[in-house]
Amino acid sequence: DLPPEAEAERAYYARFGHRSTVAIPLNVGGNAVGGVGFSTVRAQRDWSAEEVSRLEMVAEIVAGALARKQAERALRLADQLTRLSTNDMTGRLTALAIRGEALLALGRLDTADEVLVHAAEHAKSAHSIAARIALARCRLSLRRGDLTTAEAHVVAAIHAARHTAPQIEAHGWQVLGEIALKRGASASAIEGVACPPCCGPP
């Protein structure tokens, strides 16, 4: 059953004769970029937990393919940006950040680490780029299960982004809270981590 606010979806399903539908979101890089829907048109039916689980596997395969395609496109973009930014430090750092993120998405963790370390060494004066690189290094450390290093990188991202890249800063606080949850912190402890008196968000 659809909620009252889903009137447009109800009209769409009625128009094309859909009787029963299950929709699985496509998540790429932690963001929902679309969905995969499966419908019956002859009769209504209930979808079993096993069927939904198999459909989720299909959605994961599709999402993985989309993620690889995006990462490969990002690598090409990084190459183009590098060629165009011979005398532009910000452009070169942006290209390195894009390359590191793309390599991370492709699962090439060691190469991503090399690129991001190299970028971080040259990004200390470019705060927003430094924040982006630190956040990518945080995600890399999380993929490796290293919460301590991930926390250090996300704190560096928050400080680098302060007053210059509010979206990155806000995302950094969110990731810091997620790390606290992974450590098993209580809700009150997470609030203390996310908003310490000395450096909490303005």
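Trainee: With which residue does Glu-101 form a salt bridge where the closest N and O atoms are 3.0 Å apart?

Mentor: The model is a predicted one. Glu-101 lies in helix H3 and its partner in helix H5, so the pair ties together parts that are 31 residues apart in sequence. The partner is partly exposed, with a relative accessible area of 28%. The residue that forms this salt bridge with Glu-101 is Arg-132.

Trainee: Which residues are joined into one network by salt bridges that share partners?

Mentor: The side chain of Glu-101 also meets that of Arg-139 in a salt bridge, at 3.8 Å from N to O. Glu-101 lies in helix H3 and Arg-139 in helix H5, so this pair ties together parts that are 38 residues apart in sequence. Through shared partners, the network joins Glu-101, Arg-132 and Arg-139.

Trainee: Which residue meets Asp-113 in a salt bridge?

Mentor: Asp-113 lies in helix H4 and its partner in the loop between H5 and H6, so the pair ties together parts that are 31 residues apart in sequence. Asp-113 is partly exposed, with a relative accessible area of 25%. The N to O distance is 3.4 Å, and the partner is Arg-144.

Trainee: Which helix gives the largest share of the largest nonpolar core?

Mentor: The largest nonpolar core has 26 residues, and those with the most contacts inside it are Leu-93 and Ile-133. Helices H2, H3, H4, H5 and H6 each give two or more residues to this core. The largest share, seven residues, comes from H3.

Trainee: What distance separates the end C-alpha atoms of H2?

Mentor: The buried residues of H2 include Leu-55, Ala-59, Ala-63 and Ala-67. What covers the buried residues of H2 includes strand S1, strand S2 and H3. At 1.5 Å a residue, the 36 residues of H2 should span 52 Å, and the distance between its end C-alpha atoms agrees, at 52 Å.

Trainee: Is Gly-35 buried or exposed?

Mentor: Gly-35 is found in strand S2. Leaving aside neighbours within four places in sequence, Gly-35 is in contact with Ile-24, Pro-25 and Leu-26. Exposed means over 50% relative accessible area. At 53% relative accessibility, Gly-35 therefore counts as exposed.

Trainee: With the side chain of which residue does the side chain of Glu-169 make a polar contact?

Mentor: Glu-169 is found in helix H7. Glu-169 is buried, with a relative accessible area of 8%. The polar contact made by its side chain, at 3.4 Å, is with the side chain of Arg-162.

Notes: Residues numbered from 1 in each chain as written. Predicted model: local features only at pLDDT ≥ 70, side-chain atom pairs only at ≥ 80, totals over all residues. Heavy atoms only, no water. Core = buried A, V, L, I, M, F, W, Y, C linked by side-chain atoms within 4.5 Å. Buried < 20%, exposed > 50% of the residue type's maximum accessible area, 1.4 Å probe, protein only. Helix = DSSP H or I, 4+ residues; strand = E, 2+ residues; numbered from the N terminus. Expected span 1.5 Å × (residues − 1). Contact = heavy atoms within 4.5 Å. Polar contact = N/O pair within 3.5 Å; in protein donor to acceptor, adjacent residues only side chain to side chain. Salt bridge = Lys/Arg side-chain N within 4 Å of Asp/Glu carboxyl O.
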